[in-house]
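Please read the following report alongside the sequence and the structure. It takes up the surroundings of the ligand, the domains, the core and a few chosen residues in turn.

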Amino acid sequence: MKYDVLVVGAGPGGATASYLLAKAGAKVLTVDFKREVGSPVQCAEFLPVQISYSFPEYFPEDSVAQRVVDMVHFTPWGEVVSIPSEGFILNRRVFDKNIMELACREGARLMLRTRFLSFNGEHILLEKIDTREVIRLKADIVVGADGSRSKVAKLSRGSYTRNFLTTAQYTVNLLRSTQDLVIYFRDYIPGGYGWIFPKGDWANVGVGIDPDYELNVMHILKRFLEEVRAEGWIGKEVVYRTGGWIPAEGIREPAVRGNVLLVGDAGGFCHPITGGGIANAIITGKMAAQAILSGELQDYEEESLDTFGDSLRRAAQKRLKYMKRWDNLKDIIPKTWIAFDEYWK
Ligand SMILES: Cc1cc2nc3c(=O)[nH]c(=O)nc-3n(C[C@H](O)[C@H](O)[C@H](O)COP(=O)(O)OP(=O)(O)OC[C@H]3O[C@@H](n4cnc5c(N)ncnc54)[C@H](O)[C@@H]3O)c2cc1C
């Protein structure tokens, strides 16, 4: 079997690349080891509004749980800081699936329950998870869109992302309806923050911490849930539990090696402090597709670094410089979080 492009991973980055490539007539195979695209969800599901301007077809009604307007920050020193943050709380299960369906409608082939194993000389090895059958195929180009612990990145570039945020999140009943993204900075959430992202009558309530502090993220989540429950935000019903690893070191170059391009979390295009990565995955998926279609793969390296290099590098440096000590939060948080003027100095 021979394809123009093999895309590993059917998250927003991989599905976007598949969609645009297939639309332009390329022969594309997308593989994912999940049983169902978009499930299980490992995300707080906020996406800034801007993506809807370039990809309106990504937003059928049921892919959006609700709209949000501002991001409101509760600091440990009592200050409350609000900034505009227009966007959507998605139903990512529907959102991711819809992008991949668009790709398939344009002719991309999707194989689920299929794991990328390795490059082996001229061939690529995949494994059908249910039967353990190993498939050998050829593709001119590989897009690694296989998320934060990307095997494609490891094998093509020789290195994994090493620094992560550890997260845990429950979806619970929301008692105070809001159009705000709610962020809490607390001394017991080291190197990260707690969030309440509203989904109508429900909310994704989670914490992300720096694993270097060697604390149990579940204990921290439970403490956070107790705090925000006591404040009247949420009730006791829990309908979903999730978590995961968010790359926190910025882009690990190169994003292109030979005929392999890394997009989204696989390339480290996730914000090392906020943990936001859906928009960047979609944008890098698009950039990779354009570079492939133009026949100039190196354009992807240049364009992705031009667009994201400085801002993600800056955030990664701030994380290393300020967030490995969690003792003077009134000093650290304004320097490391985008809502404060200090961050931009
Ligand atoms: C708890 C949590 C909350 C978050 N909240 C937000 C948020 O509110 N907003 C935001 O913008 N970002 C958020 N993020 C980050 C966001 O989820 C990611 O940045 C985004 O999903 C990256 O998209 P992607 O396409 O690069 O990778 P992914 O969405 O991770 O998709 C990668 C795909 O590759 C597949 N895969 C992996 N390895 C293989 C393999 N060897 N073979 C085959 N398939 C493979 C996986 O099954 C997966 O489907 C959050 C992350 C976590 C963990």
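## Around the ligand

By class, the shell around the ligand consists of 17 nonpolar, 15 polar and seven charged residues. The model in which this shell is described is a predicted one. Of the 39 residues around the ligand, those that come nearest are G9, G11, G147, G264 and G277. Two or more residues of the shell are given by each of the elements α1 (12-23), β3 (46-48), β7 (114-120), β10 (164-174), β14 (234-247) and α6.

Both domains take part in the surroundings of the ligand, since the shell draws at least three residues from domain 1 (2-42 + 92-160 + 251-322) and at least three from domain 2 (61-91 + 163-247 + 326-344).

## Two domains and their contact

The chain is divided into domain 1 and domain 2, each of them assembled from three segments of the sequence: 2-42, 92-160 and 251-322 for domain 1, and 61-91, 163-247 and 326-344 for domain 2. Taken over C-alpha atoms, the centres of the two domains are separated by 27 Å. Their contact takes 19 residues from domain 1 and 18 residues from domain 2.

On the side of domain 1 that touches domain 2, the elements giving two or more residues are α3 (92-105) and α7, and it is α3 that gives the most, with five residues. This side of domain 1 has seven nonpolar, six polar and six charged residues.

## The largest nonpolar core

In soluble globular proteins, nonpolar side chains tend to be buried together. Here the largest nonpolar core has 105 residues, and V5, V143, V263 and A288 are those with the most contacts inside it. Helix α6 (residues 278-294) supplies the largest share of this core, namely 10 residues. The core draws at least three residues from each of domain 1 and domain 2.

What does V263 touch, once residues up to four places away in sequence are not counted? The contacts of V263 are G13, A17, V143, A145, F269, A281, T284, G285 and A288.

## A buried residue and an exposed one

L6 is found in strand β1 (residues 2-8). L6 counts as buried because it has 24 C-beta neighbours inside 10 Å, where 20 or more are needed. Leaving aside residues up to four places away in sequence, L6 touches L29, I124, A139 and V142. Between L6 and V172, which are 166 residues apart in sequence, the C-alpha to C-alpha distance is 38 Å.

E61 has its place in the loop between α2 (50-54) and β4 (64-74). With 6 C-beta neighbours inside 10 Å, E61 counts as exposed, a class that is reached at 12 or fewer. E61 and I51 lie 10 residues apart along the chain, and their C-alpha atoms are separated by 15 Å.

## The two sides of helix α8

In helix α8, which spans residues 329-336, the residues I332, I333 and T336 are buried. These three lie on the same side of α8 because they cover an arc of only 95 degrees around the axis. What covers the buried residues of α8 includes α7 (298-322). On the other side of α8, by contrast, K330 and D331 are exposed.

Definitions and conventions: Residues are numbered from 1 along each chain as its sequence is written. This is a predicted model: local features need pLDDT of at least 70, side-chain atom pairs count only at pLDDT 80 or more; totals for chains, interfaces and linings use all residues. Helices (H or I, at least four residues) and strands (E, at least two) are DSSP runs, numbered from the N terminus. The arc is that of the directions from the helix axis to the C-beta atoms. Two residues are in contact if their C-beta atoms, placed from the backbone, lie within 7 Å. A nonpolar core is a set of buried Ala, Val, Leu, Ile, Met, Phe, Trp, Tyr and Cys residues joined through C-beta atoms within 7 Å. Domain bounds come from an automatic or database domain assignment. A residue is near a molecule or strand if its C-beta atom, placed from the backbone, lies within 6 Å of it. Ala, Val, Leu, Ile, Met, Phe, Trp, Tyr, Cys and Pro count as nonpolar, Asp, Glu, Lys and Arg as charged, and the others, Gly among them, as polar.
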